[in-house]
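Visitor: I am new to this structure and should like to understand the terms applied to it. Might we take them one at a time?

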Amino acid sequence: MTETAHPIPAAVAALVPRLRRICGGDGVLTDASRRRVYESDGLTRHRAVPGVVVLPTTAEQVTAVVRLCAETGVPFVPRGAGTGLSAGALPHPEGVLLSTSRMRRIIEVDPDNECAVVEPGVANLDVSRAAAPYGLYYAPDPSSQQVCSVGGNVAENSGGAHCLKYGFTVDHVRGLDVVTPQGALLRLGGKAPDAPGHDLIGAFVGSEGTLGIATRITVGLTRLPERTVTLLSAFTSMDAGGRAVSAIIAAGVLPSAIEMMDALAIEAAEAAVACDYPAGAACVLIVELDGPAVEVEAELAEVVRLCASAGAFETRTAADADERARIWKGRKSAFAAVGRISPTYIVQDGVVPRTALPEVLRRITELSAESGIRVANVFHAGDGNLHPLVLFDDAEPGAAERAEEVSGAILDLCVEHGGSITGEHGVGVDKACKMPRMYSPDDLETFDLFRRALDPRGIANPDKLLPTPRLCGEVPGVRRGAHPLVESGEAEQF
């Protein structure tokens, strides 16, 4: 790879000497082949080679880089571990990609206040490992938790299998040090569970890097439960599995997780990790219960009964931690596993009310049959968070276009049934065009007003989250006429 293949834009090249003074020679990547490593996140169909990559190691370096970008008007894109699935960390070809991967210190584990203070590059699972000696753990658990970073989780408001009971990242973040797009370093919240004033932490978590970069994160820790039990139930139809989910929730049982996989997802998992799920299952449910031992035993008996009543032909209960890990192995590997049965695939992410699951899943089956595009379903059944895996062969003419149509139609289904275009993967570039399906023009304008209050020049992760002319083809330019909030004096137009 030569520099002429992906030349550094002149405006970015002018910053390189100053960036090296800030981050050191090894903290600034200009070689085209090294920059290309960062051309996408986990959603590889969106690619762009960054103008330059910087790898700061301190909050002071992050602040200095962002101030330089603000001074010169050069856009910057924050990046964590690169495991995102919405192209939220897609680089700007004429900007700075700011990776926090070298900021990996666990600054403090505070068992008395049941919290930890970490840098953004710390891997999600490493927080739980550090807290384990104190009988604590970090509850949000994306499937990529061994490698995904806490900073990336904050940007995307990541969830995971156990968010049904324990909530998303936003429910566990107590404090943030944030570098704003204008280069100011703010401290929001702290160790206390609820800070006074406006909920700026709630606004920042899930803003996908468009409001700045977190350089220090205080997360709440959860006490390890007295008892944890995992069971696997197999059904001869998706409808039967859906009935079991509804029955469990209706009975007042709140599992820490209820996961569902269909036959195609099971086939992929078996090929990849030999998870030994029951043969002939149209779907399996993984149900995990935790809490006081007496309560868990009572709930376990009820869940087993409800699954049998819904039509389960086999139910297994893990006898120990090894068996629990084997049950979870198939589910945790599902996204990567479909590579065993399809050369290419799209990982989608949408939400529907639990009651709409059977109808939506039937319609996904119909879309698959009509288009000739296979869809493997893996999802957090307890809260209706779907992860359809749209399988296709990109060597087949027209297959990629059909797969994109099916993927978009699934998101439309979610919105039509009162759901959302994303549950935990974020909007990024991939779904920005779908935002008008959920929000009115005035809603989107209000979002943009808030964003530009912190980033008037629009340099922080541009072209993400909100629709733009480049992405969606709408008429460019500013709003004609004042926004209603501006007219009322409640907001200022920048």
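Guide: Certainly. The model is predicted, and it includes an open sheet of four strands in the order 1-2-4-3, with mixed pairing.

Visitor: What makes strand 1 and strand 3 stand at the edges?

Guide: Strand 1 (28–29) and strand 3 (76–79) each have a single partner strand, so one side of each lacks a neighbour in the sheet.

Visitor: How do you know that strand 3 and strand 4 pair?

Guide: Two strands pair if at least two bridges are found between them. Strand 3 and strand 4 (residues 96–99) have four bridges, in the parallel sense, and therefore meet the condition of at least two. In one of these pairings, Val77 has Leu97 of strand 4 as its bridge partner. Helix 4 (residues 59–72) packs on the sheet, where it touches strand 2 (52–54), strand 3 and strand 4.

Visitor: Which values describe the packing of helix 9 and helix 11?

Guide: Two packed helices are described by the angle and the distance between their axes. For helix 9 (residues 238–250) and helix 11 (residues 293–310), the axes come within 8 Å and cross at roughly 145 degrees. Helix 9 contributes Ala240, Arg243, Ala244, Ala247 and Ile248 to the contact, and helix 11 contributes Val303, Leu306, Cys307 and Ala310.

Visitor: How do the residues of this contact divide into nonpolar, polar and charged?

Guide: Eight are nonpolar, none is polar and one is charged. Arg counts as charged, and Arg243 of helix 9 belongs to the contact.

Visitor: Which residues have the most contacts inside the largest nonpolar core?

Guide: They are Phe235 and Ile258, in a core of 45 residues. Helix 15 (residues 399–416) gives the most to this core, with seven residues.

Definitions and conventions
Residues are numbered from 1 along each chain as its sequence is written. This is a predicted model: local features need pLDDT of at least 70, side-chain atom pairs count only at pLDDT 80 or more; totals for chains, interfaces and linings use all residues. Side-chain values use heavy atoms; hydrogens and water are left out. A nonpolar core is a set of buried Ala, Val, Leu, Ile, Met, Phe, Trp, Tyr and Cys residues joined through side-chain atoms within 4.5 Å. Buried means under 20% relative accessible area, exposed over 50%, partly exposed in between (1.4 Å probe, protein chains only). Helices (H or I, at least four residues) and strands (E, at least two) are DSSP runs, numbered from the N terminus. Axes are lines fitted to C-alpha atoms, for helices over the stretch in contact, and angles run from 0 to 180 degrees between N-to-C directions. Contact means heavy atoms within 4.5 Å.
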